[in-house]
Amino acid sequence: MVKGGLTTRGPRNLLRQIREAMAGGGPAQQRLDKVVRTIAQSMVAEVCSIYLRRASGELELFATQGLNPEAVHNTRLRPGEGLVGEVARLAAPISLSDAPNHPSFSYRPETGEDPFHAFLGAPLLRGGRAIGVLVVQNRVARRYDEDEVEDIQTIAMVLAETVASGELLGQDELRDVEVAPHRPERLKGQKFADGLAYGAVVQHEAPLPPERLLADDTALEERRLAESLTALKASIDQMLEGGQTKLGGTSYEVLETYRMFADDRGWNRSLEEAVRSGLTAEAAVDRVRNEHRARFAKARDPYIRERLHDFEDLANRLLRVLAGDDPTHRNLPDGFILVARNLGPADLLEYPRDKLRGLLLEEGSSASHAAIVARALQIPCVGRLQGLRDRLSEGDLVIVDGETGEAYLRPRPDMLAAVQSRMAMREQRRAEFDLLRDTPAVTRDGTRITLLTNAGLAVDLENLDMTGAEGIGLFRTEFQFMVSDELPKLNTQTALYRLVMDAARDRPVTFRTLDIGGDKVLPYLDNEREENPALGRRAIRLGLDRPALLRMQLRALLAAAAGRELRVMFPMIATVDEFRAARELVERECDWAQRRGRTLPSRLRVGAMVECPSLLWHLDALLPLTDFVSIGTNDLLQYMFAADRTNPLVSDRYDPLSVPALRALAEIQQKCADTATPVSVCGELAGRPLEAFALIALGYTSLSAPAGGVGPVKRMILSADIPQARRGLEGLMKSSAGSVRNEIEALARKLNLAV
Ligand code: PEP
Ligand code: MG
């Protein structure tokens, strides 16, 4: 019996020969023929064939040693057809000693393969997709051993990378081969940050350049792998013990899963074997990751798919350790679009702002870190784009449509032109808003509206001057915590608050205390997992349960505001007692500061956010205790309509422009007016012209909008007449319809409103 395979461990020499064959010049077909000849010889196989996936999905025989040469480019197998199709479908190797007797065997007379009994096929994987199949066959019924199966996978990986990089086939041949997707595609996702952008794809998880696949010195690569695995495990342990590492943005539970996987013998062994077979440490990680992807991608069970993500994250972290942990050393093109599965708290800020145009995510939610930072940076972002990374290659042209929540991959020129003209229009509109920057927001009937903006990061401060907002109506202090790897220290918090007040100069800033919990998880606060995080220990509930956290923040705020006005408000107040307890903490902190002779704020204003429907029926008790209130319509409405704002299946099931929402808002406004309590609206509603129109018609005179909404809302205000608007809205408040959006739109049109 022929004992095939590679005599010494690992296909190192073979890989080198393959590379030489590929680099040897000459027509692509000649090079491919040489590659299959080399593999057949080296593996002592009578047959070696390469099949590649055509755009139609069929696997076409591209080169063979041992089968009938006439079959090359003629034999095509449908996905799943024959053993070759089966290897591609499973995206896993198949090894058989008696192939013709296997139920999947499909005999193609033109190939003349009937005399070959032993079959070993491995998929050419790219990003978890089989782009082709590499097969060796032997005449005698023999069993390929584990090493041979391992080796053919390594060879298949190198082939996959070289085919995809265009090294093996010419661009002409590549065009019709589905090694990398090349047709225009449109993916529907979710809007995470408004705006439009286009540019070349940069993958957050950078693909390996083919010249980094093969090791020059295997012993060195083994050492590098072992060292980086040790470093990876140590950093996870350190994180678990609460020390500081670069693994931010990861919950305790996920970290434990990481550690479990990092210790996984199977994973470690696969990596070691891949290196021993001649790959670099990076290529080994990539190969094992691809195999995992391919295997897990078919799983229906969301739990298993989640585990794939953990494995992928782990692989990415290992790659980063290997790369010296410097994601920014890459050569990034101007005006690129970043593509990632998801991004951790600090990831986005590590990319150069002047080159980054947009962000596409496979997952995430609009409340996720990346989305928050993208909005702060005013970079359009679309998330929840399924299959995104498998459909894109580094350098592909993409359009990020943050207006509709879509991504256009490799757009046709007319698509691109259409987007460019929309971008020009946006630019023009922005220029118009710029002209209004210093115009006071006064309605036609002479009502002065205070137009503020929402902020949360230092990068937001630019927007204050740019938009001409009169102050910050909502400063989300948790953002600093969310983009940090560890609990921000007292002086770090103080420094940010001081920076914000300095930037605001004499304009008011309302700081909201930490709104953490729910979906805003801080990895370094070991919170218990909750079944219903939105209804869980969020915001002020956490602050009151862990007063040290809240007191530290209040201390920082008082220190930053020394000698100036300080406005603080508490999120998610559901009962009057919670507000009392929170206010009491402020007083205690003031006493503490005073005892130490610190300068106190010149004026202190303490307010509550109205976000829990319960407060609507206890405003009479609450309002006398507060200096002001601010309505967080995002939460108020999610709780009123029992629709999770982060869940795309339900988040837009109700319309804020509906009678129950408007009645609730009308009632709060009325009660505040009756008690002369200053009130503003700081949810997203306040930044949308039509919704803001309804708000001013209800009598609100203070709105805090996201930066992008300030200009459009001001333009609406300048064109509005409040008595007219109020009369128009009054009738609609009795409607029995689920939504009165159309009617309000019609009213706005009738009143010639600029919405
Ligand atoms: C809100 O709930 O409307 C609000 C402004 O707060 P956040 O969006 O930060 O929860
Ligand atoms: Mg809220």
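These questions and replies cover the surroundings of ligand 1 and the packing of helix α22 in a predicted model.

Residues are numbered from 1 along each chain as its sequence is written, and chains are lettered from A and ligands numbered from 1 in the order written. Local features need pLDDT of at least 70 and side-chain atom pairs pLDDT 80 or more, while totals for chains, interfaces and linings use all residues; side-chain values use heavy atoms, without hydrogens and water.

Me: What makes a residue count as near ligand 1, and which come nearest?
Reply: One of its heavy atoms must lie within 4 Å of the ligand. Of the 14 residues around ligand 1, Arg476, Arg512, Glu611, Asn634 and Arg645 come nearest.

Me: How do you know that asparagine 634 makes a polar contact with ligand 1?
Reply: A polar contact is a pair of N or O atoms within 3.5 Å; within protein, one must be able to donate a hydrogen and the other to accept it, and residues adjacent in sequence count only if both atoms are side-chain atoms. A backbone N or O atom of asparagine 634 lies 2.7 Å from an oxygen atom of ligand 1, so the pair qualifies. For glycine 632 the value, also from a backbone N or O atom, is 3.4 Å. In arginine 645 a side-chain N or O atom is 2.8 Å from a ligand oxygen.

Me: Why is α22 called roughly perpendicular to α25?
Reply: Angles of 65 to 115 degrees count as roughly perpendicular, under 35 as roughly parallel, over 145 as roughly antiparallel and the rest as oblique. Angles run from 0 to 180 degrees between N-to-C directions, and axes are lines fitted to C-alpha atoms, for helices over the stretch in contact. Helix α22 (residues 689–697) and helix α25 (residues 741–750) pack at about 85°, with axes 11 Å apart, so α22 is roughly perpendicular to α25.

Me: What makes α22 and α24 roughly perpendicular?
Reply: α22 and helix α24 (residues 722–732) pack at an angle of about 95°. They are therefore roughly perpendicular to each other. Their axes are 8 Å apart.

Me: Which residues of α22 meet α24?
Reply: Phe693, Ala694, Ile696 and Ala697 of α22 meet Ile722, Ala725, Arg726 and Leu729 of α24, contact being heavy atoms within 4.5 Å.

Notes: Helix = DSSP H or I, 4+ residues; strand = E, 2+ residues; numbered from the N terminus.
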